[in-house]
Amino acid sequence: SARVELATVLAQTGRSATSGRGRIRARNALVMVQVALALTLLTGAGLMARSFAHLRSVHPGFDAPATLTFRVALPSRDYAQPGTAARFLVSAVDGIAALPGVSAVGVVTKLPLDAEARRDSALWVEDRPLPAGGMPNIHQVAFATPDYFRALGIPLIQGRAFEPPDASRMRREVIVSRALAARYWTDGRAVGRRVRMAPTGPWYTVVGVTGDVRGTGLDQPPDEMVYLPIVVALGDPAGALWTPREVAVVVRSVVPGVLPDAGAVAPLAARAEAVVRALDAAIPVYRVRAMTDIVAEATSRTTFTLLLLGAASAVALALGAVGIYGVISYVVSLRTREIAIRLALGARPTDVRRMISRQALATTALGIVLGVAGAAALTRVLSALLFGVGPTDPVALGGAAALLLVVAVAASWLPAHRAARVAPARALRAE
């Protein structure tokens with residue numbers, strides 16, 4: 001601007017010209033950049049919205065509503081013996097189950113969609129011997145009480161649940177998930193087969209098959225689970241028993257939906273905690289949550305990214321709309337004399353509106369073309385966060401482009417409407 005020659009300025013602002021072409025081109029270029037940025041962010045937000053919708057439609061394999069959970073930790077000083085720990089857990093489960101409004105109570109070492117207390121173990125299958133030098137598969141292992149599956153709404157497909165915990169009896173039985181059963185026993189008859197968790201350890205008999213649970217993440221395939229009883233026989237020759245001391249208690253309400261969020265958990269959680277305190281006041285009770293909150297946490301990363309991109313794309317869309325409106329309004333003000341002449345020579349107001357809107361759409365279309373490259377680069381970055389949708393999803397890209405075109409039409413409507421209402425005689429007198 002500082003180097004512009006005076007003769008050029010006078011020539012561009014004379015009566016023979018309607019506008020300074022350099023200025024208009026610069027403004028159009030800025031609007032194109034705004035539109036390209038808006039398209040990039042809108043496409044990213046659209047992809048995250050579609051991923052979020054897909055995640056929300058995924059069934060986790062358990063019934064989260066009307067269920068609360070909390071964890072307890074038994075001190076090793078007082079509960080070193082498996083019989084002592086087992087008796088405490090059985091008493092706690094029976095006491096909570098007797099509370100009004102409770103339909104089922106279970107205990108498990110690791111909750112689905114919760115990374116705390118995860119355990120993995122190698123698995124040897126009796127009728128699937130490993131080849132020489134082969135390595136066994138690693139699977140997730142959890143220890144549970146018989147009513148855990150009913151409390152969390154995990155269906156029992158085959159066989160039976162565990163027998164009630166009893167530290168005086170040695171039980172070597174397991175329950176496996178459907179995904180694990182399908183991996184090793186394609187004939188569909190897993191009950192009665194045997195597995196072990198050590199190359200020379202004892203064999204455990206499969207007594208039941210449960211439905212699949214997405215225990216790692218909603219965007220991950222169902223876990224191939226092995227469930228062991230709370231009181232389990234170890235692999236030593238003496239047949240020693242073992243009971244976990246850090247567990248999660250799952251409480252299901254009688255009426256579905258009475259525990260929709262963390263706030264509604266408090267009354268029932270307080271009564272359940274009182275039962276634990278009555279058995280041993282030194283037992284810590286922590287991480288009191290509704291299962292719906294745990295499911296919500298599993299989508300928190302996608303939700304946060306969606307909100308972030310949504311806010312950024314809304315700002316970019318607003319800037320693009322303001323830019324289109326400003327440029328078109330400025331061009332209309334410069335072309336007032338031209339528009340008046342067109343109307344005086346017989347042009348219809350509709351023709352004028354179409355002419356002005358066409359310019360806005362042309363600028364927007366060029367910005368969309370530029371934005372496609374930016375959208376492709378952004379979606380490659382987002383590919384690790386997407387679920388059920390590809391980074392080049394045509395619905396997200398087409399929806400973003402269509403939204404920008406609608407915004408361009410809306411932003412250009414008012415300047416075009418004003419231009420079409422120019423009174424030719426008055427405009428020419430003003431010139």
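Me: Which hand does the crossing of H9 and H10 have?
Reply: This is a predicted model, so let's start from the geometry in it. The axes of H9 and helix H10 (residues 349–382) come within 10 Å and cross at roughly 145°. As for the hand, the crossing of H9 and H10 is right-handed.

Me: How many charged residues are in the contact of H9 with H10?
Reply: On the H9 side the contact uses Glu 338, Ile 339, Arg 342 and Leu 343. H10 brings Pro 349, Val 352, Met 355 and Ile 356. Sorted by class, that gives six nonpolar residues, no polar ones, and charged residues numbering two.

Me: Which residue just after H9 takes a positive phi?
Reply: H9 spans residues 336–344, and its buried residues include Glu 338, Ile 339, Ala 340 and Leu 343. Once the helix is over, a phi of about 110° turns up, and the residue that takes it is Gly 346.

Me: Which helix gives the largest share of the largest nonpolar core?
Reply: In general, nonpolar side chains in soluble globular proteins tend to be buried together. The largest nonpolar core here has 46 residues, and Phe 70, Ile 96, Trp 185 and Val 251 touch the most other members. Six residues of this core, the largest share, come from residues 82–97, that is, helix H3.

Me: How many residues are in the second, separate core?
Reply: Besides the core of 46 residues, there's another one that is separate from it. Among its members are Leu 47, Val 332, Ala 340 and Ala 396. Its count of residues is 44.

Me: What is Ile 96 in contact with, leaving aside neighbours within four places in sequence?
Reply: Ile 96 is one of the residues touching the most other members of the largest core. Its contacts include Phe 70, which is in that same group of four. The full list is Phe 70, Val 102, Val 105, Val 249, Val 251, Ala 272 and Val 275.

Me: Is Thr 43 buried or exposed?
Reply: Thr 43 lies in helix H2. Leaving aside its neighbours within four places in sequence, it is in contact with Ala 375, Thr 379, Ala 396, Leu 397 and Ala 400. Its relative accessible area is 3%, and the cut-off is under 20%, so Thr 43 counts as buried.

Me: Which backbone nitrogen does the side chain of Asp 114 reach?
Reply: Asp 114 sits in the loop between strand S2 (102–108) and strand S3 (120–125). It's buried, with a relative accessible area of 7%. Further along the sequence it is in contact with Gly 215, Arg 287 and Arg 289. At 3.3 Å, its side chain reaches the backbone nitrogen of Glu 116.

Me: What is the relative accessible area of Leu 113?
Reply: Leu 113 is in the loop between S2 and S3. Its phi is positive, near 65°, though it's a residue other than glycine. Leu 113 is buried, and its relative accessible area is 12%.

Me: What is the phi of Ala 66?
Reply: Most residues other than glycine have a negative phi. Ala 66 is in the loop between helix H2 (21–57) and strand S1 (67–73), and it's buried with a relative accessible area of 0%. Although it is not a glycine, its phi is positive, at about 65°.

Me: What percentage of the residues in the chain is buried?
Reply: The chain's secondary structure comes to 12 helices and 13 strands. Of the contacts with a separation of 6 or more, 81% are between residues 24 or more positions apart. Out of 431 residues, the buried ones make up 45%.

Definitions and conventions. Residues are numbered from 1 along each chain as its sequence is written. This is a predicted model: local features need pLDDT of at least 70, side-chain atom pairs count only at pLDDT 80 or more; totals for chains, interfaces and linings use all residues. Side-chain values use heavy atoms; hydrogens and water are left out. A nonpolar core is a set of buried Ala, Val, Leu, Ile, Met, Phe, Trp, Tyr and Cys residues joined through side-chain atoms within 4.5 Å. Buried means under 20% relative accessible area, exposed over 50%, partly exposed in between (1.4 Å probe, protein chains only). Helices (H or I, at least four residues) and strands (E, at least two) are DSSP runs, numbered from the N terminus. Contact means heavy atoms within 4.5 Å. A polar contact is a pair of N or O atoms within 3.5 Å; within protein, one must be able to donate a hydrogen and the other to accept it, and residues adjacent in sequence count only if both atoms are side-chain atoms. Axes are lines fitted to C-alpha atoms, for helices over the stretch in contact, and angles run from 0 to 180 degrees between N-to-C directions. A crossing is left-handed if the near helix is turned anticlockwise from the far one by less than a right angle, and right-handed if clockwise. Ala, Val, Leu, Ile, Met, Phe, Trp, Tyr, Cys and Pro count as nonpolar, Asp, Glu, Lys and Arg as charged, and the others, Gly among them, as polar.
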